[in-house]
Amino acid sequence: MAGFEEAALERVRVARARLQAAQEADDAFDEAQAAEELEDALRVAHDHGVATGAWDTR
């Protein structure tokens, strides 16, 4: 499980960073894509019991 958990957390971390970068660049298209990726990454992590931190809205 450690390998999956690490991969899930990395996916969330990358999606959060991409979302933040898109917001800072005021890039609405990339922001929308990054938000969807983050939502999906959080869903997958949540569904498998992986704690993702303070940004986890579930």
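Colleague: Is the crossing of helix 1 and helix 2 left-handed or right-handed?

Modeller: A crossing counts as left-handed if the near helix is turned anticlockwise from the far one by less than a right angle, and as right-handed if clockwise. Here helix 1 and helix 2 cross in the left-handed sense. Please keep in mind that this is a predicted model, in which local features need pLDDT of at least 70 and side-chain atom pairs count only at pLDDT 80 or more, while totals for chains, interfaces and linings use all residues. Residues are numbered from 1 along each chain as its sequence is written, and side-chain values use heavy atoms, with hydrogens and water left out.

Colleague: Thanks! How many helices and strands does the chain have?

Modeller: Helices (H or I, at least four residues) and strands (E, at least two) are DSSP runs, numbered from the N terminus. This chain has two helices and zero strands. Helix 1 spans 2-24 and helix 2 spans 28-47.

Colleague: At what angle do helix 1 and helix 2 pack?

Modeller: Two packed helices are described by the angle between their axes and the distance between the axes. The axes are lines fitted to C-alpha atoms, for helices over the stretch in contact, and angles run from 0 to 180 degrees between N-to-C directions. In this model the angle is about 160°, and the axes lie 8 Å apart. Helix 1 and helix 2 are therefore roughly antiparallel (angles under 35 degrees count as roughly parallel, over 145 as roughly antiparallel, 65 to 115 as roughly perpendicular and the rest as oblique).

Colleague: Which residues make up the largest nonpolar core?

Modeller: A nonpolar core is a set of buried Ala, Val, Leu, Ile, Met, Phe, Trp, Tyr and Cys residues joined through side-chain atoms within 4.5 Å. Buried means under 20% relative accessible area, exposed over 50%, and partly exposed in between (1.4 Å probe, protein chains only). The largest core here has seven residues: Val-12, Ala-15, Leu-19, Ala-34, Leu-38, Ala-41 and Leu-42. Each of the two helices supplies at least two of its residues, and the largest share, four residues, comes from helix 2.

Colleague: Let's take one core residue. Which residues is Val-12 in contact with?

Modeller: Contact means heavy atoms within 4.5 Å. Leaving aside neighbours within four places in sequence, Val-12 is in contact with Leu-38, Ala-41, Leu-42 and Thr-52. Val-12 sits in helix 1 and is buried, with a relative accessible area of 1%. Its C-alpha is 6.0 Å from that of Leu-38, although the two residues are 26 apart in sequence.

Colleague: And where is Thr-52 found?

Modeller: Thr-52 belongs to the segment after helix 2, and is buried at 8% relative accessible area. Not counting residues up to four places away, Thr-52 touches Leu-9, Val-12, Arg-16, Leu-42 and Ala-45.

Colleague: Now the surface. Is Asp-26 buried or exposed?

Modeller: Asp-26, in the loop between the helices, counts as exposed at 69% relative accessibility. Its phi is near 55°, a positive value in a residue other than glycine. Glu-36, in helix 2, is exposed too, with a relative accessible area of 58%.

Colleague: How much area does the whole chain expose?

Modeller: Accessible areas come from the Shrake-Rupley method with a 1.4 Å probe; for residues, only the protein chains shown count as cover. The chain exposes about 4000 Å², with 52% supplied by carbon and sulfur atoms. Of its 58 residues, 26% count as buried.
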